[in-house]
Amino acid sequence: MDSQSEKAEREESRLQFNKQLFKTYLALDHWHRFRLRLFLEGILVGIAGGLLIALFRFLLGLADTYRRRLFQEIIIPSFGISDFLPLLWWLAALFFIGGVLYGMCRYAPMASGSGIPQVKGVILGFFKMKWFRILWVKITAGALGIGAGLSLGREGPSIQIGAVAAQGLSRLMGRTRMEERYLITSGASAGLAAAFNAPLAGTMFALEELHRNFSGAVLLPTMASAISATIVSQFFFGSATSFSFPLLVHLPSEYLWCVALIAVSCGFAGIVFNYGLIHMDAFYGLPIFRSQYMKIMFALFAATILAFTLPDVLGGGNFLVDSLAKARYGFGFLAALLLAKFLFTLISYGCGVPGGFFLPLLVIGALIGSLEGELLISAGILSALYLPNIIIIAMVAFFAASIRAPITGTLLILEMTGDFHHLTALALASAVAYVTAELLKGQPIYDSLLKKSLSNGSTPVSDEERNILEVPVGSGSILENRTVEEIPRLSHTVLVNIKRQGADMIPDPDTKLLSGDFLYFLTESRHTEEIHHLCEAQIPKDHIR
C-alpha cells in the first residue's frame with residue numbers, strides 16, 4: 001500500500017496541476033490581455049538574458065585574449081629557443097581545465113553541448129531543465145572551454161542561457177507551463193540576438209527552428225525579447241556587425257548560376273557535416289576514451305597542437321572569416337584550414353563540453369566559399385572583386401543545408417555583414433542548398449541531436465504528465481477542412497479550445513478546421529510529438545499511430 005507521504009505528494013501534484021489548468025483557461029479566455037502581458041514579460045526576459053549573455057561574452061573574450069597572448073608572446077617564442085617550461089605549465093593547466101569541465105558536465109548534463117536541442121526538447125515538453133544550475137555552468141564552462149581554444153561557438157550557449165533565464169523568471173513569477181514555453185522561446189531568441197547583434201535572426205530562429213509557430217502569443221514576446229537583448233548587448237559591446245566585409249559589392253545577376261552551383265556543393269557538404277557530428281560517438285567510443293575526461297583532454301591537446309600549426313582554426317572563428325574577406329590565400333592553405341576546422345569542430349563538439357557549432361558552421365561555409373571562389377577566379381569565370389560575395393553565399397548555403405532554417409540563415413548573414421543588397425543571392429543560395437539537402441534525405445542537425453538525446457536517455461525527462469499544447473493547423477495538413485470529430489484520436493488527449501483570427505471557438509464535433517487555426521490540446525507529455533506531426537503540413541495519414 002502507498003504510504004501517507006506518497007498519497008500526500010500525489011494530492012499536492014494534482015492540486016498544483018488543477019491550479020495550472022485554471023490559470024491556463026483564464027489566459028485563453030482573456031487572450032488579448034494575456035498577449036500584452038507576454039509582450040511586457042518578453043522585454044523583461046530580453047533585459048535579463050542580454051545582461052547574462054553580455055557577462056558570458058565578456059568572460060569568453062577575456063579567456064580568448066589571454067590564450068592568444070600566452071601563445072604568441074610566451075609559449076611559442078620560448079619553444080623556439082628550446083625553453084619548454086611555459087609549455088609544460090600550459091599542459092599542466094590543461095589537466096586542471098579538463099577536470100573542471102568534466103566535473104561541470106557531470107554536475108549539469110543538460111548544459112553539455114550546444115544547448116539548442118535541449119531547449120527544443122523543453123519547449124516540446126520532453127525534457128526538464130534545472131535553470132539555475134545550467135545557467136552558471138553554461139557561462140563558466142562555456143567560457144573556459146571555448147577560451148581554451150576548442151572550436152565551439154558562443155551562440156548555442158547564449159541561446160540556452162537566454163532560455164534558462166526566461167525559465168527562472170517564469171518560475172519566480174509563478175507562470176503556467178504554457179506561458180513558460182512562450183517565455184523560453186523568447187529567451188532563446190534573446191540569446192541569438194545578443195550573441196550576434198541580430199534581432200531579426202534571433203526572432204526568426206526561435207519561430208522557425210524552436211517553436212515552429214507564428215502565433216501572436218509567441219511572436220510578440222519573441223520580438224520584444226530579441227530587441228531588448230540586442231539593445232543591452234550594444235550598450236556593452238557597441239553596434240558593430242559580427243563580420244567585417246568592407247569590400248562587399250552587388251553581385252550581378254549573370255553570376256546567379258554560380259550561386260546555385262555553390263549552393264549545391266554546400267548542400268552536399270552540409271549533409272557530410274551533419275553525419276560526422278551525429279556519428280562522432282563512433283570515434284569517441286574507441287577503447288582509449290574510457291571516460292568523458294579522456295575525450296575532453298584529447299580535444300584540449302588537439303587545440304594545443306593546432307595553436308602551433310594552424311591557430312586560425314581555434315575558437316569560434318570570427319577573425320578567420322574577417323581575414324578571408326580582406327585577403328586572398330593560397331588554395332593549399334585554404335584546403336588545410338577547411339579540413340582542420342571541419343575535423344576539429346567535430347572533435348570539440350563530440351567531447352561534450354558546453355559550446356555550440358553555430359559559428360564554426362558559418363566559418364566552415366566561409367572556407368568552402370573561399371576555396372570555390374578561388375577556383376572560379378583561377379578559371380577566369382569570376383572577378384576577384386566578388387570573392388567576398390561568394391564567401392557569404394557559401395556561409396548561408398552551408399547553414400541552410402545543415403540546420404534547415406533558410407530564412408534564419410539569410411537574415412543572420414544580412415545582419416552579421418550589415419549589407420542588405422545581396423538579399424536575392426543569399427535567398428537563392430539558401431533555397432537551393434535546402435532543396436539539395438532534402439533530396440539527399442539528410443536530417444536537420446538539431447532535430448537529429450534531439451532524437452539522439454531522446455533515444456539514449458542521457459537527458460532528464462520531463463516529469464510533467466499533462467500539458468496544454470498550442471499547435472497551428474498547417475496548410476495542406478491532414479486536419480485542414482476536417483471536422484473536430486474527424487481528428488485522429490489519441491488517448492488521454494482533449495481539444496479544449498480553437499482560436500481563429502484571434503477569436504475563440506468552441507470545439508464542437510462538427511466544427512470544421514481551417515488552415516491557420518490554432519488548436520489547444522490538453523494532453524499527456526508523451527503525445528506532444530504526435531500532435532505536432534498531426535498538425536504539420538503534408539503529413540501522410542499512415543504516420544498517425
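Visitor: Where does Lys441 lie with respect to helices α18 and α19?

Guide: Helices and strands are runs assigned by DSSP and numbered from the N terminus, with H or I over at least four residues for a helix and E over at least two for a strand. Lys441 sits in the loop that joins α18 (423-439) to α19 (445-456), and its phi is positive, at about 60°, although Lys441 is not a glycine. This is a predicted model, in which local features need pLDDT of at least 70 and side-chain atom pairs count only at pLDDT 80 or more, whereas totals for chains, interfaces and linings use all residues. Residues are numbered from 1 along each chain as its sequence is written, and side-chain values use heavy atoms, with hydrogens and water left out.

Visitor: Is Lys441 buried or exposed?

Guide: A residue is called buried under 20% relative accessible area, exposed over 50% and partly exposed in between, with a 1.4 Å probe and protein chains only. Lys441 counts as exposed because its relative accessibility is 69%. Ser82 offers another case of a residue other than glycine with a positive phi, here near 65°; Ser82 is placed in the loop between α2 (31-80) and α3 (85-107), and at a relative accessible area of 53% it is exposed.

Visitor: Which glycines take a positive phi just after a helix?

Guide: Gly238, just after α9, has a positive phi of about 85°, and Gly149, just after α5, has one of about 110°.

Visitor: What span should the 22 residues of α9 have, and how far apart are its end C-alpha atoms?

Guide: The expected span of a helix is 1.5 Å times one less than its number of residues. For helix α9 (residues 216-237) this gives 32 Å, and the end C-alpha atoms are 31 Å apart, so the two values agree. Helix α5 (residues 131-147), with 17 residues, reaches 23 Å from its first C-alpha to its last, close to the expected 24 Å.

Visitor: Which residues of these two helices are buried?

Guide: In α9 the buried residues include Ala217, Val218, Pro221 and Thr222, and in α5 they include Ile134, Leu135, Val137 and Lys138. Ala217 of α9 counts as buried because its relative accessibility is 1%, and its C-alpha is 9.9 Å from that of Glu470, although the two residues are 253 apart in sequence.

Visitor: What does Thr410 touch, beyond residues up to four places away in sequence?

Guide: A contact means heavy atoms within 4.5 Å. Thr410, found in helix α17 (residues 406-417), touches Val396, Leu423, Leu426, Ala427 and Ser430 when those neighbours are not counted, and at 8% relative accessibility Thr410 is buried. Ser170, which lies in helix α6 (residues 155-173), is in contact with Arg175, Thr176, Glu180 and Leu183, leaving aside its neighbours within four places in sequence; its relative accessible area is 0%, and Ser170 is therefore buried. Over the chain, 81% of the contacts with a separation of 6 or more come from residues 24 or more positions apart.

Visitor: How many disulfides does the chain have?

Guide: A disulfide is a pair of cysteine sulfur atoms within 2.5 Å, and by this rule the count is zero. Cys351 is in no disulfide, the nearest cysteine sulfur being that of Cys105, 7.4 Å away. Cys351 is buried, with a relative accessible area of 1%.

Visitor: Which helix has the lowest mean pLDDT among the elements of the chain, and which the highest?

Guide: The predictor's confidence in each residue, from 0 to 100, is its pLDDT. Helix α1 (residues 4-29) has the lowest mean, 58, and helix α12 (residues 292-309) the highest, 94. Residues 537-545 have a pLDDT below 50, yet this stretch makes 16 contacts in the model beyond near neighbours in sequence. The chain has a mean pLDDT of 84, and 88% of its residues reach 70 or more.

Visitor: How many helices and strands does the chain have, and what share of its residues is buried?

Guide: There are 20 helices and four strands, and buried residues make up 57% of the 545 residues.
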